[in-house]
2 protein chains.
Amino acid sequence: MRRRTRVDKVEERRRELADAALHTLADLGYARTSLRTIADNTAFSHGLLHYYFADKVELITYCVRQYKADCVQRYDVAVAEAATPGQLAEACADGLAAALGDAPLMHRLWYDLRAQSMFEEAFRADVAEIDESLQNMIWRNVTAYADLTDAKPTCTQAEAYAMFDGLFQQALLRHLAGSTEALDDLRRGARELLPRLVG
Amino acid sequence: MRRRTRVDKVEERRRELADAALHTLADLGYARTSLRTIADNTAFSHGLLHYYFADKVELITYCVRQYKADCVQRYDVAVAEAATPGQLAEACADGLAAALGDAPLMHRLWYDLRAQSMFEEAFRADVAEIDESLQNMIWRNVTAYADLTDAKPTCTQAEAYAMFDGLFQQALLRHLAGSTEALDDLRRGARELLPRLVG
DNA sequence: CGCTTCTTTGGACAGTTGTCAAGAATTTTT
DNA sequence: AAAAATTCTTGACAACTGTCCAAAGAAGCG
(Lines give C-alpha, C1' and ligand atoms only; values in the text may rest on other atoms or scores of the structure.)
Protein backbone atom coordinates (compact mmCIF):
# COMPACT_ATOMS: atom_id res chain seq x y z
CA MET A 1 0.00 0.00 0.00
CA ARG A 2 2.60 2.53 1.13
CA ARG A 3 4.96 1.39 -1.59
CA ARG A 4 2.22 1.71 -4.13
CA THR A 5 1.38 5.33 -3.42
CA ARG A 6 5.04 6.23 -3.51
CA VAL A 7 5.46 4.77 -6.97
CA ASP A 8 2.37 6.64 -8.04
CA LYS A 9 3.76 9.91 -6.75
CA VAL A 10 6.97 9.38 -8.65
CA GLU A 11 5.05 8.57 -11.78
CA GLU A 12 2.90 11.65 -11.30
CA ARG A 13 5.89 13.94 -11.00
CA ARG A 14 7.50 12.31 -14.00
CA ARG A 15 4.40 13.06 -16.00
CA GLU A 16 4.35 16.61 -14.73
CA LEU A 17 7.94 17.18 -15.74
CA ALA A 18 7.44 15.49 -19.08
CA ASP A 19 4.45 17.70 -19.69
CA ALA A 20 6.53 20.80 -19.15
CA ALA A 21 9.20 19.36 -21.40
CA LEU A 22 6.61 18.70 -24.07
CA HIS A 23 5.42 22.27 -24.04
CA THR A 24 8.95 23.61 -24.12
CA LEU A 25 9.79 21.35 -27.04
CA ALA A 26 6.66 22.45 -28.85
CA ASP A 27 7.68 26.07 -28.37
CA LEU A 28 11.34 25.85 -29.28
CA GLY A 29 11.88 22.63 -31.20
CA TYR A 30 14.27 19.85 -30.36
CA ALA A 31 17.43 21.64 -31.46
CA ARG A 32 16.85 24.67 -29.22
CA THR A 33 15.53 22.97 -26.09
CA SER A 34 17.86 22.42 -23.15
CA LEU A 35 17.20 20.78 -19.82
CA ARG A 36 17.55 24.09 -18.04
CA THR A 37 14.98 25.72 -20.27
CA ILE A 38 12.62 22.83 -19.58
CA ALA A 39 13.17 23.24 -15.84
CA ASP A 40 12.41 26.95 -16.16
CA ASN A 41 8.94 25.95 -17.33
CA THR A 42 8.37 24.09 -14.08
CA ALA A 43 8.36 25.11 -10.42
CA PHE A 44 11.55 23.15 -9.84
CA SER A 45 15.25 23.46 -10.42
CA HIS A 46 17.21 21.90 -13.22
CA GLY A 47 18.81 19.31 -11.00
CA LEU A 48 15.48 17.63 -10.37
CA LEU A 49 15.24 16.44 -13.93
CA HIS A 50 18.12 14.07 -13.28
CA TYR A 51 16.40 12.74 -10.20
CA TYR A 52 13.44 11.56 -12.25
CA PHE A 53 15.15 10.86 -15.55
CA ALA A 54 18.51 9.24 -16.16
CA ASP A 55 19.45 11.58 -18.98
CA LYS A 56 18.11 13.82 -21.68
CA VAL A 57 17.30 11.00 -24.05
CA GLU A 58 15.20 9.20 -21.45
CA LEU A 59 13.27 12.37 -20.70
CA ILE A 60 12.51 13.10 -24.32
CA THR A 61 11.66 9.49 -25.03
CA TYR A 62 9.23 9.62 -22.14
CA CYS A 63 7.82 12.83 -23.62
CA VAL A 64 7.32 11.24 -26.97
CA ARG A 65 5.42 8.36 -25.41
CA GLN A 66 3.23 10.76 -23.49
CA TYR A 67 2.64 12.73 -26.65
CA LYS A 68 1.26 9.64 -28.29
CA ALA A 69 -1.69 9.38 -25.94
CA ASP A 70 -2.70 12.99 -26.53
CA CYS A 71 -1.98 12.72 -30.18
CA VAL A 72 -4.05 9.76 -31.25
CA GLN A 73 -6.89 10.89 -29.04
CA ARG A 74 -6.80 14.42 -30.41
CA TYR A 75 -6.24 13.20 -33.94
CA ASP A 76 -9.01 10.64 -33.85
CA VAL A 77 -12.17 11.63 -35.61
CA ALA A 78 -15.74 10.71 -34.92
CA VAL A 79 -16.11 7.99 -37.48
CA ALA A 80 -18.64 5.81 -35.64
CA GLU A 81 -21.74 7.94 -36.12
CA ALA A 82 -21.25 8.53 -39.83
CA ALA A 83 -24.00 6.84 -41.82
CA THR A 84 -23.15 7.86 -45.36
CA PRO A 85 -19.83 8.00 -47.22
CA GLY A 86 -20.22 11.73 -47.56
CA GLN A 87 -20.71 12.17 -43.83
CA LEU A 88 -17.70 10.04 -43.07
CA ALA A 89 -15.46 11.91 -45.45
CA GLU A 90 -16.71 15.16 -43.99
CA ALA A 91 -16.12 14.01 -40.43
CA CYS A 92 -12.67 12.76 -41.27
CA ALA A 93 -11.72 16.00 -43.00
CA ASP A 94 -13.12 18.12 -40.19
CA GLY A 95 -11.31 16.05 -37.61
CA LEU A 96 -7.96 16.49 -39.28
CA ALA A 97 -8.47 20.20 -39.81
CA ALA A 98 -9.55 20.63 -36.20
CA ALA A 99 -6.54 18.72 -34.93
CA LEU A 100 -4.26 20.96 -36.93
CA GLY A 101 -6.05 24.16 -35.99
CA ASP A 102 -6.23 23.33 -32.28
CA ALA A 103 -2.65 22.32 -31.67
CA PRO A 104 -0.39 23.34 -34.54
CA LEU A 105 2.65 23.58 -32.26
CA MET A 106 2.28 20.01 -31.06
CA HIS A 107 2.06 18.74 -34.60
CA ARG A 108 5.04 20.84 -35.55
CA LEU A 109 6.91 19.12 -32.76
CA TRP A 110 5.83 15.73 -34.03
CA TYR A 111 7.36 16.35 -37.43
CA ASP A 112 10.47 17.69 -35.79
CA LEU A 113 10.87 14.62 -33.61
CA ARG A 114 10.10 12.30 -36.47
CA ALA A 115 12.93 13.94 -38.41
CA GLN A 116 15.21 13.64 -35.38
CA SER A 117 14.45 9.94 -35.21
CA MET A 118 16.14 9.56 -38.58
CA PHE A 119 19.38 10.76 -36.98
CA GLU A 120 19.08 9.65 -33.36
CA GLU A 121 18.47 5.96 -33.17
CA ALA A 122 17.30 6.23 -29.57
CA PHE A 123 14.03 7.81 -30.71
CA ARG A 124 13.46 5.55 -33.66
CA ALA A 125 11.44 2.78 -32.03
CA ASP A 126 9.05 5.08 -30.20
CA VAL A 127 8.53 7.27 -33.22
CA ALA A 128 7.85 4.25 -35.39
CA GLU A 129 5.31 3.05 -32.87
CA ILE A 130 3.45 6.34 -32.91
CA ASP A 131 3.59 6.41 -36.68
CA GLU A 132 2.05 2.98 -36.74
CA SER A 133 -0.78 3.93 -34.45
CA LEU A 134 -1.51 6.95 -36.60
CA GLN A 135 -1.45 4.72 -39.63
CA ASN A 136 -3.98 2.40 -38.01
CA MET A 137 -6.18 5.35 -37.20
CA ILE A 138 -6.22 6.45 -40.82
CA TRP A 139 -6.79 2.92 -41.96
CA ARG A 140 -9.87 2.62 -39.79
CA ASN A 141 -11.31 5.56 -41.66
CA VAL A 142 -10.41 4.13 -45.05
CA THR A 143 -11.94 0.73 -44.37
CA ALA A 144 -15.03 2.30 -42.82
CA TYR A 145 -15.40 4.41 -45.94
CA ALA A 146 -14.93 1.36 -48.13
CA ASP A 147 -17.62 -0.48 -46.20
CA LEU A 148 -20.08 2.35 -46.60
CA THR A 149 -19.53 2.45 -50.34
CA ASP A 150 -19.54 -1.32 -50.76
CA ALA A 151 -16.06 -1.23 -52.17
CA LYS A 152 -12.57 -2.26 -51.19
CA PRO A 153 -9.50 -0.15 -50.52
CA THR A 154 -7.20 0.02 -53.53
CA CYS A 155 -4.08 0.83 -51.56
CA THR A 156 -2.11 -0.42 -48.60
CA GLN A 157 -2.33 0.91 -45.08
CA ALA A 158 1.05 2.53 -45.43
CA GLU A 159 0.10 4.27 -48.65
CA ALA A 160 -3.14 5.63 -47.26
CA TYR A 161 -1.37 6.99 -44.20
CA ALA A 162 1.44 8.46 -46.29
CA MET A 163 -0.97 10.45 -48.41
CA PHE A 164 -3.06 11.76 -45.53
CA ASP A 165 0.11 12.60 -43.68
CA GLY A 166 1.47 14.40 -46.71
CA LEU A 167 -1.65 16.52 -46.93
CA PHE A 168 -1.55 17.22 -43.22
CA GLN A 169 2.09 18.18 -43.17
CA GLN A 170 1.79 20.48 -46.15
CA ALA A 171 -1.21 22.15 -44.55
CA LEU A 172 0.71 22.58 -41.31
CA LEU A 173 3.64 24.20 -43.10
CA ARG A 174 1.40 26.67 -44.84
CA HIS A 175 -0.71 27.27 -41.75
CA LEU A 176 2.37 28.16 -39.72
CA ALA A 177 3.64 30.37 -42.51
CA GLY A 178 0.49 32.40 -42.13
CA SER A 179 -1.73 31.03 -44.88
CA THR A 180 -5.40 31.44 -44.02
CA GLU A 181 -6.50 28.90 -46.62
CA ALA A 182 -4.40 26.03 -45.34
CA LEU A 183 -7.10 24.62 -43.08
CA ASP A 184 -9.80 24.73 -45.72
CA ASP A 185 -7.48 23.23 -48.28
CA LEU A 186 -6.70 20.40 -45.91
CA ARG A 187 -10.40 19.79 -45.36
CA ARG A 188 -11.05 19.66 -49.06
CA GLY A 189 -8.00 17.56 -49.81
CA ALA A 190 -8.85 15.00 -47.16
CA ARG A 191 -12.50 14.83 -48.21
CA GLU A 192 -11.51 14.12 -51.78
CA LEU A 193 -8.77 11.71 -50.90
CA LEU A 194 -10.97 9.02 -49.40
CA PRO A 195 -12.85 8.28 -52.65
CA ARG A 196 -9.53 7.99 -54.43
CA LEU A 197 -8.40 5.21 -52.16
CA VAL A 198 -11.33 2.85 -52.58
CA GLY A 199 -13.02 1.52 -55.67
CA MET B 1 38.58 42.13 -64.61
CA ARG B 2 40.57 42.01 -61.38
CA ARG B 3 37.50 42.72 -59.34
CA ARG B 4 35.59 40.05 -61.21
CA THR B 5 38.03 37.26 -60.56
CA ARG B 6 38.28 38.15 -56.90
CA VAL B 7 34.54 38.01 -56.44
CA ASP B 8 34.56 34.69 -58.25
CA LYS B 9 37.19 33.30 -55.93
CA VAL B 10 35.22 34.36 -52.91
CA GLU B 11 32.12 32.79 -54.33
CA GLU B 12 34.02 29.62 -55.10
CA ARG B 13 35.31 29.28 -51.56
CA ARG B 14 31.88 30.03 -50.19
CA ARG B 15 30.51 27.20 -52.26
CA GLU B 16 33.29 24.92 -51.10
CA LEU B 17 32.61 25.66 -47.47
CA ALA B 18 28.87 25.35 -47.94
CA ASP B 19 29.40 22.01 -49.59
CA ALA B 20 31.30 20.74 -46.59
CA ALA B 21 28.60 22.12 -44.36
CA LEU B 22 25.97 20.34 -46.39
CA HIS B 23 27.68 17.00 -46.01
CA THR B 24 28.19 17.52 -42.30
CA LEU B 25 24.54 18.43 -41.89
CA ALA B 26 23.50 15.39 -43.88
CA ASP B 27 25.59 13.23 -41.58
CA LEU B 28 24.62 14.68 -38.23
CA GLY B 29 21.43 16.66 -38.70
CA TYR B 30 20.82 20.27 -37.87
CA ALA B 31 20.64 19.85 -34.10
CA ARG B 32 24.03 18.13 -33.81
CA THR B 33 26.05 20.15 -36.31
CA SER B 34 28.36 22.86 -35.05
CA LEU B 35 30.55 25.28 -36.96
CA ARG B 36 33.67 23.58 -35.66
CA THR B 37 32.50 20.20 -36.87
CA ILE B 38 31.80 21.70 -40.25
CA ALA B 39 35.27 23.22 -40.35
CA ASP B 40 36.74 19.83 -39.48
CA ASN B 41 35.27 18.55 -42.73
CA THR B 42 37.29 21.15 -44.66
CA ALA B 43 41.00 21.85 -44.99
CA PHE B 44 40.55 25.07 -43.05
CA SER B 45 40.12 26.25 -39.51
CA HIS B 46 36.89 27.17 -37.84
CA GLY B 47 37.61 30.88 -37.88
CA LEU B 48 37.45 30.98 -41.64
CA LEU B 49 33.75 30.29 -41.65
CA HIS B 50 33.18 33.72 -40.14
CA TYR B 51 35.32 35.30 -42.80
CA TYR B 52 33.00 34.04 -45.53
CA PHE B 53 29.72 33.96 -43.64
CA ALA B 54 28.37 36.47 -41.18
CA ASP B 55 26.96 33.87 -38.84
CA LYS B 56 25.62 30.37 -38.61
CA VAL B 57 22.24 31.23 -40.02
CA GLU B 58 23.74 32.80 -43.12
CA LEU B 59 25.89 29.74 -43.71
CA ILE B 60 23.03 27.30 -43.37
CA THR B 61 20.75 29.46 -45.48
CA TYR B 62 23.42 29.46 -48.16
CA CYS B 63 23.60 25.68 -47.81
CA VAL B 64 19.90 25.29 -48.25
CA ARG B 65 20.00 27.34 -51.44
CA GLN B 66 22.85 25.26 -52.77
CA TYR B 67 20.98 22.12 -51.85
CA LYS B 68 18.12 23.19 -54.03
CA ALA B 69 20.12 22.97 -57.23
CA ASP B 70 21.28 19.44 -56.47
CA CYS B 71 17.91 18.48 -55.19
CA VAL B 72 15.62 19.34 -58.06
CA GLN B 73 18.17 18.04 -60.52
CA ARG B 74 18.53 14.77 -58.65
CA TYR B 75 14.85 14.50 -57.98
CA ASP B 76 13.78 15.23 -61.50
CA VAL B 77 12.70 12.26 -63.54
CA ALA B 78 12.99 11.60 -67.23
CA VAL B 79 9.46 12.45 -68.24
CA ALA B 80 10.16 13.74 -71.75
CA GLU B 81 10.75 10.43 -73.52
CA ALA B 82 7.71 8.67 -72.12
CA ALA B 83 5.22 7.86 -74.86
CA THR B 84 2.53 6.00 -72.95
CA PRO B 85 0.91 6.65 -69.57
CA GLY B 86 2.35 3.42 -68.30
CA GLN B 87 5.86 4.40 -69.30
CA LEU B 88 5.49 7.78 -67.69
CA ALA B 89 4.23 6.37 -64.44
CA GLU B 90 7.04 3.87 -64.48
CA ALA B 91 9.66 6.51 -65.19
CA CYS B 92 8.29 8.75 -62.48
CA ALA B 93 8.23 5.96 -59.92
CA ASP B 94 11.73 4.81 -60.86
CA GLY B 95 13.03 8.35 -60.66
CA LEU B 96 11.71 8.87 -57.15
CA ALA B 97 12.96 5.51 -55.94
CA ALA B 98 16.38 6.18 -57.47
CA ALA B 99 16.56 9.60 -55.86
CA LEU B 100 15.81 8.07 -52.50
CA GLY B 101 18.17 5.16 -52.95
CA ASP B 102 21.06 7.27 -54.21
CA ALA B 103 21.07 9.97 -51.61
CA PRO B 104 18.99 9.04 -48.59
CA LEU B 105 21.07 11.19 -46.26
CA MET B 106 20.46 14.31 -48.31
CA HIS B 107 16.74 13.72 -48.33
CA ARG B 108 16.84 13.06 -44.61
CA LEU B 109 18.48 16.44 -44.23
CA TRP B 110 15.79 18.05 -46.34
CA TYR B 111 13.05 16.87 -44.02
CA ASP B 112 15.08 17.95 -41.05
CA LEU B 113 15.58 21.45 -42.42
CA ARG B 114 11.97 21.72 -43.48
CA ALA B 115 10.98 20.92 -39.91
CA GLN B 116 13.49 23.49 -38.63
CA SER B 117 11.93 26.11 -40.88
CA MET B 118 8.74 25.77 -38.86
CA PHE B 119 10.66 27.00 -35.81
CA GLU B 120 13.36 29.25 -37.27
CA GLU B 121 11.82 31.92 -39.39
CA ALA B 122 15.16 32.67 -41.03
CA PHE B 123 14.93 29.45 -43.04
CA ARG B 124 11.28 29.71 -43.89
CA ALA B 125 11.45 31.62 -47.16
CA ASP B 126 14.18 29.49 -48.68
CA VAL B 127 12.54 26.26 -47.63
CA ALA B 128 9.22 27.40 -49.05
CA GLU B 129 10.94 28.21 -52.32
CA ILE B 130 12.45 24.75 -52.59
CA ASP B 131 9.16 23.18 -51.65
CA GLU B 132 7.52 25.14 -54.44
CA SER B 133 10.04 24.01 -57.01
CA LEU B 134 9.54 20.42 -55.95
CA GLN B 135 5.82 20.93 -56.22
CA ASN B 136 6.22 22.23 -59.75
CA MET B 137 8.34 19.24 -60.65
CA ILE B 138 5.65 16.85 -59.47
CA TRP B 139 3.00 18.87 -61.23
CA ARG B 140 4.83 18.58 -64.54
CA ASN B 141 4.57 14.82 -64.19
CA VAL B 142 0.90 14.94 -63.30
CA THR B 143 -0.05 17.19 -66.22
CA ALA B 144 2.08 15.16 -68.60
CA TYR B 145 0.31 12.03 -67.41
CA ALA B 146 -3.05 13.72 -67.83
CA ASP B 147 -2.16 14.72 -71.38
CA LEU B 148 -1.17 11.18 -72.30
CA THR B 149 -4.44 9.80 -70.98
CA ASP B 150 -6.56 12.58 -72.50
CA ALA B 151 -7.80 13.54 -69.08
CA LYS B 152 -7.45 16.38 -66.63
CA PRO B 153 -5.95 16.43 -63.17
CA THR B 154 -8.58 16.13 -60.46
CA CYS B 155 -6.50 17.74 -57.76
CA THR B 156 -4.50 20.88 -57.13
CA GLN B 157 -0.75 21.21 -57.49
CA ALA B 158 -0.36 21.37 -53.74
CA GLU B 159 -2.40 18.22 -53.20
CA ALA B 160 -0.48 16.25 -55.80
CA TYR B 161 2.82 17.28 -54.27
CA ALA B 162 1.61 16.58 -50.76
CA MET B 163 0.71 13.00 -51.62
CA PHE B 164 3.89 12.21 -53.50
CA ASP B 165 5.87 13.81 -50.74
CA GLY B 166 4.01 11.77 -48.16
CA LEU B 167 4.85 8.57 -49.99
CA PHE B 168 8.46 9.62 -50.37
CA GLN B 169 8.90 10.58 -46.76
CA GLN B 170 7.34 7.40 -45.46
CA ALA B 171 9.57 5.39 -47.74
CA LEU B 172 12.61 7.29 -46.52
CA LEU B 173 11.75 6.65 -42.90
CA ARG B 174 11.40 2.94 -43.50
CA HIS B 175 14.43 2.79 -45.75
CA LEU B 176 16.59 4.37 -43.07
CA ALA B 177 15.13 2.06 -40.45
CA GLY B 178 16.47 -0.84 -42.48
CA SER B 179 13.44 -1.94 -44.45
CA THR B 180 14.44 -3.58 -47.70
CA GLU B 181 10.98 -3.22 -49.22
CA ALA B 182 10.73 0.53 -48.79
CA LEU B 183 12.12 1.33 -52.24
CA ASP B 184 9.87 -1.11 -54.05
CA ASP B 185 6.86 0.05 -52.09
CA LEU B 186 7.63 3.63 -53.05
CA ARG B 187 7.88 2.61 -56.69
CA ARG B 188 4.57 0.86 -56.58
CA GLY B 189 2.88 3.60 -54.60
CA ALA B 190 4.06 6.32 -56.97
CA ARG B 191 3.10 4.33 -60.04
CA GLU B 192 -0.41 3.82 -58.76
CA LEU B 193 -0.78 7.36 -57.48
CA LEU B 194 -0.68 9.07 -60.88
CA PRO B 195 -3.87 7.40 -62.18
CA ARG B 196 -5.63 8.41 -58.99
CA LEU B 197 -4.93 12.08 -59.61
CA VAL B 198 -6.37 12.37 -63.11
CA GLY B 199 -9.67 11.32 -64.55
C1' DC C 1 10.34 13.95 19.79
C1' DG C 2 14.44 11.77 17.06
C1' DC C 3 15.50 8.98 13.10
C1' DT C 4 15.20 7.47 8.55
C1' DT C 5 13.90 7.95 3.96
C1' DC C 6 12.69 10.55 0.18
C1' DT C 7 12.77 15.29 -2.52
C1' DT C 8 14.76 19.16 -3.95
C1' DT C 9 18.23 22.67 -4.39
C1' DG C 10 22.10 25.05 -6.09
C1' DG C 11 26.59 24.98 -7.29
C1' DA C 12 30.42 22.83 -9.58
C1' DC C 13 32.50 20.13 -13.35
C1' DA C 14 34.28 19.56 -17.99
C1' DG C 15 33.08 20.18 -22.44
C1' DT C 16 30.90 22.65 -26.25
C1' DT C 17 28.88 26.48 -28.56
C1' DG C 18 28.94 30.94 -31.69
C1' DT C 19 31.56 34.85 -32.16
C1' DC C 20 35.34 37.85 -32.51
C1' DA C 21 39.83 40.01 -33.12
C1' DA C 22 44.93 40.16 -33.39
C1' DG C 23 48.25 38.74 -36.05
C1' DA C 24 50.64 35.34 -39.20
C1' DA C 25 50.79 33.72 -43.87
C1' DT C 26 49.86 34.32 -48.50
C1' DT C 27 48.78 36.65 -52.64
C1' DT C 28 48.44 40.71 -55.39
C1' DT C 29 49.86 45.14 -56.77
C1' DT C 30 53.15 48.67 -57.40
C1' DA D 1 61.78 43.86 -54.36
C1' DA D 2 58.82 46.52 -51.19
C1' DA D 3 54.20 47.63 -50.03
C1' DA D 4 49.44 46.72 -49.80
C1' DA D 5 45.57 43.86 -49.70
C1' DT D 6 43.84 39.44 -48.95
C1' DT D 7 43.17 35.06 -46.86
C1' DC D 8 43.67 32.19 -43.02
C1' DT D 9 45.05 30.59 -38.15
C1' DT D 10 44.99 30.79 -33.49
C1' DG D 11 43.58 31.70 -29.16
C1' DA D 12 40.39 33.93 -26.39
C1' DC D 13 35.67 35.36 -24.65
C1' DA D 14 31.29 34.59 -22.49
C1' DA D 15 27.51 31.86 -22.57
C1' DC D 16 25.58 27.55 -22.54
C1' DT D 17 25.36 22.40 -22.47
C1' DG D 18 24.46 17.68 -19.87
C1' DT D 19 25.77 15.67 -15.82
C1' DC D 20 26.86 14.90 -11.15
C1' DC D 21 26.97 15.62 -6.10
C1' DA D 22 26.95 17.38 -1.40
C1' DA D 23 23.90 19.19 1.44
C1' DA D 24 19.52 21.42 2.67
C1' DG D 25 14.71 20.53 3.20
C1' DA D 26 10.35 17.80 3.73
C1' DA D 27 7.78 13.80 4.94
C1' DG D 28 6.90 9.57 7.20
C1' DC D 29 7.40 6.68 11.12
C1' DG D 30 8.92 4.63 15.57
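Colleague: Which residues of the largest nonpolar core touch the most other members?

Modeller: This is a predicted model. In it, A:Leu167 and B:Leu167 touch the most other members of the largest nonpolar core, which has 118 residues.

Colleague: What is B:Leu167 in contact with, leaving aside its neighbours within four places in sequence?

Modeller: On chain A, the partners of B:Leu167 are A:Glu159, A:Ala162 and A:Met163. On chain B, they are B:Leu186, B:Gly189, B:Ala190 and B:Leu193.

Colleague: Turning to the contact of the two chains, how many residues does each chain give?

Modeller: Chain B gives 28 residues and chain A gives 28 residues. On the side of chain B that touches chain A, two or more residues come from each of α6 (104-119), α7 (121-148), α8 (157-176) and α9 (182-197) of chain B. The largest share belongs to α8(B), with 10 residues.

Colleague: And what classes of residue are found on that side of chain B?

Modeller: The side of chain B that touches chain A divides into 15 nonpolar, five polar and eight charged residues.

Colleague: How are the two copies related?

Modeller: A turn of 180 degrees, with a shift of 0.0 Å along the axis, lays chain B on chain A with an RMSD of 0.1 Å. The two copies are thus related as by a two-fold rotation axis. In addition, 100% of the interface residues of chain B are also interface residues in chain A, so the copies meet through the same surface.

Colleague: Let us move to the DNA. Which residues come nearest to strand C?

Modeller: There are 19 residues around DNA strand C, and those that come nearest are A:Phe44, A:Gly47, B:Ser34, B:Gly47 and B:Asp55. At least two residues of this surface are supplied by each of α1 (2-28) of chain A and α2 (35-40) of chain B. The most come from α1(A), which gives four residues. By class, the surface near DNA strand C has five nonpolar, seven polar and seven charged residues.

Colleague: Which residues are closest to strand D?

Modeller: DNA strand D is surrounded by 20 residues, the closest being A:Ser34, A:Asp55, B:Phe44, B:Ser45 and B:Gly47. Here the elements giving two or more residues are α2 (35-40) of chain A and α1 (2-28) of chain B.

Colleague: Which element gives the most there, and what is the split by class?

Modeller: α1(B) gives the most to the surface near DNA strand D, with four residues. The surface near DNA strand D has five nonpolar, eight polar and seven charged residues.

Colleague: Now the fold. How many helices and strands does chain A have?

Modeller: The secondary structure of chain A comes to nine helices and zero strands. Its C-alpha atoms fill a box of roughly 55 × 45 × 30 Å along the principal axes.

Colleague: What percentage of chain A is buried?

Modeller: Of the 199 residues in chain A, 41% are buried. As for contacts in chain A between residues at least 6 apart in sequence, 64% join residues at least 24 apart.

Colleague: What about helix α9 of chain A: what span should it have?

Modeller: Helix α9 of chain A (residues 182-197) has 16 residues, which at 1.5 Å a residue should span 22 Å; its end C-alpha atoms are 22 Å apart, which agrees. Its buried residues include A:Leu186, A:Gly189, A:Ala190, A:Leu193 and A:Leu194. The cover over the buried residues of α9(A) includes α5 (85-102), α7 (121-148) and α8 (157-176) of chain A, together with α8 of chain B.

Colleague: And which elements cover the buried residues of α7(B)?

Modeller: That cover includes α4 (56-75), α5 (85-102), α6, α8 and α9 of chain B. Among the buried residues of α7(B) are B:Phe123, B:Ile130, B:Leu134, B:Ile138 and B:Tyr145. Just after α7(B), B:Asp150 takes a positive phi of about 55 degrees.

Colleague: One last residue, A:Val142. Is it buried or exposed?

Modeller: A:Val142 lies in helix α7 of chain A. A:Val142 counts as buried because it has 23 C-beta neighbours inside 10 Å, and the cut-off is 20 or more.

Colleague: What is A:Val142 in contact with, leaving aside its neighbours within four places in sequence?

Modeller: The contacts of A:Val142 are A:Pro153, A:Ala160, A:Leu194, A:Leu197 and A:Val198.

Terms used: Residues numbered from 1 in each chain as written. Chains lettered and ligands numbered in written order. Predicted model: local features only at pLDDT ≥ 70, side-chain atom pairs only at ≥ 80, totals over all residues. Core = buried A, V, L, I, M, F, W, Y, C linked by C-beta atoms within 7 Å. Buried ≥ 20, exposed ≤ 12 C-beta atoms within 10 Å, placed from the backbone. Contact = placed C-beta atoms within 7 Å. Near = placed C-beta within 6 Å. Nonpolar A, V, L, I, M, F, W, Y, C, P; charged D, E, K, R; others polar. Least-squares fit on C-alpha atoms with pLDDT ≥ 70 in both. Expected span 1.5 Å × (residues − 1).
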